[in-house]
Amino acid sequence: MSGKPSSKSTGTVPPRPDAARPSRGHESPPDSVVHRNAATLQGVLAVYGVYHPVATALGWERLGGPTDPVALGLAFAHIALIWGSFVAARLGFCRQAAQAFVFGSLVVLSIAYPRWGLTVLGPQQMLHLLPILVAGVLIGRRTLWAATAWLGGLLILGAWTDTRALMVSPDHVWRVSFNVSAALVGLTLVAFVLDQALIALHQSLGLARQRGTELARARDRLLLEIEQRERQQTQLLHAQKMEAVGRLASTIAHDFNHLLALVMGHAGRGLASDDPAEMKAALRGAESAARRAGEASHRLVDFSRHEDTAPETFDAVEAIADLEPVLRRTFLSTVDVVLDLDPSTALAIHFDRAHLELILLGLATNAQQAMPDGGRFTLSVAPYALDRVEIIARDTGRGMDATTRARCFEPFFTTRPPAQATGLGLAVAAHLVREAGGDITVESAPGQGSAFRIVLPRQEQVQETAPRTRPSRTPKVQTQRVPQTGRNS
């Protein structure tokens, strides 16, 4: 007779009734679980809204039409309630739709059970009860148990309607009592199972939110640590550059004094002569010495500049040739510096040019430390395999034993006193090279020197880049080929 509404809605029905907030219009639900609950309510309402009129029509056909005006009115009222709730849920008023459906259905059943009894409504009992219970779950636990208590009272009223006319028949009373007891037990079990499922859902959601919050905090901490690490790495690179500049400053200052002496000498020669040609030649000599002094100071300032990482595609041969004057000043006069370069071969790499200069200057400094009594430092560039470029820095110094060789790329590892080195130069060099997709290895043995091999991906061509800040110059590099016994020597 009277059908029970099914639940379905697209609004925002939070799992907890006290946290619920009805959504307005076609706003998207803020929570995916709420969205699924709304879809469930709409599905139940749609199915029940189709089944109820069909089942009612078939029942009336068997009975030859509705015989009770109250039954006809309740049927139409219940169908209108179901589809009205469905439309409200579709508009986004999910919680209000569920509340109206539950309350309206209980009112309809409150008229039906006392009027027709448990026996007449028994075949459709579970169909009447489940939609209300489901809607109660979507609203909250209190609504679930309130609807269960209300339905239990209606079952008892329906049983009383069945037994009051035949109270004198013990068998009838027993049969009705058994039926209502079974119905009450079934109703309670269904409500209990739904309630426990709801509790488990709330606990799972709470745990998921807690873990989500913890993961978000861990992510924020990780991002902060990454940012700090990048900032520290930049500061470390600049500090290493300053350390190298400090070592270069004394030799450049020495050269600068020589150049100033040349300027003064040319100036004195010009002042002492009355010959215009002689004075012009002295001025040209002074200008040339001043230009070389300015170029030396510009190289030092440019090398020490604190800039962010800026990878670019450039010719490794040309970059190392430009670095030759600074490399030579790193060594004592007892060390022979040889650049094994082939200017006619362009070997393009994609790397930060300042970082490459810093790495090579660090290797040169280490080589000088390993050759206090003099020796040879060779820096070469050559193709490696088909798509790589190999840069080799080789010295004839003291070399390294197996333990030192195995740990030389570890951060803070150094064989020099702490006041003279940080132990980070090779570690940073290895990090920069590997971050660019390359690799760095070392070959060394006590008394046989060391060879550091840097392998970087080779690029197809050198991109046109903006002019560099330091004066452009193409040094005349006198290359000297050092006989090599092979790559693994």
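A residue counts here as buried when its relative accessible area is under 20%, as exposed when that area is over 50%, and as partly exposed in between. Keep these cut-offs in mind during the tour, which goes through a predicted model.

Begin with helix α6, residues 170-272, and select Glu227 and Arg231, which lie four residues apart in this helix, about one turn. Their side chains meet in a salt bridge, with a distance of 3.6 Å from N to O. Arg231 has a relative accessibility of 40% and therefore counts as partly exposed, and Glu227, at 44%, also counts as partly exposed. The spacing of the pair fits a general rule: an α-helix has 3.6 residues a turn, so residues three or four places apart point the same way.

Go next to helix α9, residues 324-330, where Glu324 and Arg328 are again four residues apart. The side chains of Glu324 and Arg328 form a salt bridge of 2.5 Å, N to O. Is Glu324 buried or exposed? With a relative accessible area of 11%, Glu324 is buried, whereas its partner Arg328 is partly exposed at 35%.

A further pair to select is Arg407 and Glu410, whose closest N and O atoms are 3.0 Å apart in a salt bridge. Arg407 has a relative accessible area of 36% and is partly exposed, and Glu410, at 32%, counts as partly exposed too. Then show Glu390, Glu443 and Arg453 together, since salt bridges that share partners join these residues into one network. Over the whole structure, a search finds nine salt bridges.

Now colour the strands of the open sheet, five in number, which follow the order β2-β4-β5-β7-β6 with mixed pairing. At the edges are β2, residues 335-340, and β6, residues 439-444, each of which pairs on one side only. From one strand to the next, the twist averages 15°.

Stay with β2, which is mostly covered, five of its six residues being buried. Six bridges join β2 to β4, and these two strands run parallel; to see the register, select Leu339, which stands opposite Leu379 in β4. For a contrast in direction, move to β5 (residues 388-395) and β7 (residues 450-457), which run antiparallel and are joined by eight bridges. Within this pairing, Arg394 has Ala451 of β7 as its bridge partner.

Helix α12, residues 425-435, packs on the sheet and touches β6 and β7, with a direction that makes about 135° with that of β6. Among the residues of α12 that are buried, you can pick out Leu426, Val428, Leu432 and Val433. Just after α12, stop at Gly437, which takes a positive phi of about 85°.

In the loop between β4 (375-384) and β5, select Ala385. What is phi of Ala385? The value is near 55°, which is positive in a residue other than glycine. Most residues other than glycine have a negative phi. Ala385 also counts as exposed, because its relative accessibility is 64%.

Finish on the surface, where Val50, Val54, Leu58 and Trp83 form a nonpolar patch with about 340 Å² of accessible area together. Helix α1, residues 32-63, gives the largest share of this patch, three residues. Val54 is in helix α1, and with a relative accessible area of 45% Val54 is partly exposed.

Notes
Residues are numbered from 1 along each chain as its sequence is written. This is a predicted model: local features need pLDDT of at least 70, side-chain atom pairs count only at pLDDT 80 or more; totals for chains, interfaces and linings use all residues. Side-chain values use heavy atoms; hydrogens and water are left out. Two strands pair if DSSP finds at least two bridges between them. Axes are lines fitted to C-alpha atoms, for helices over the stretch in contact, and angles run from 0 to 180 degrees between N-to-C directions. Contact means heavy atoms within 4.5 Å. Buried means under 20% relative accessible area, exposed over 50%, partly exposed in between (1.4 Å probe, protein chains only). Patches are made of residues with over 30% relative accessible area and no salt bridge: like charges are joined within 9 Å, nonpolar side chains (Val, Leu, Ile, Met, Phe, Trp, Tyr) within 5 Å. Accessible areas come from the Shrake-Rupley method with a 1.4 Å probe; for residues, only the protein chains shown count as cover. A salt bridge is a side-chain nitrogen of Lys or Arg within 4 Å of a carboxyl oxygen of Asp or Glu.
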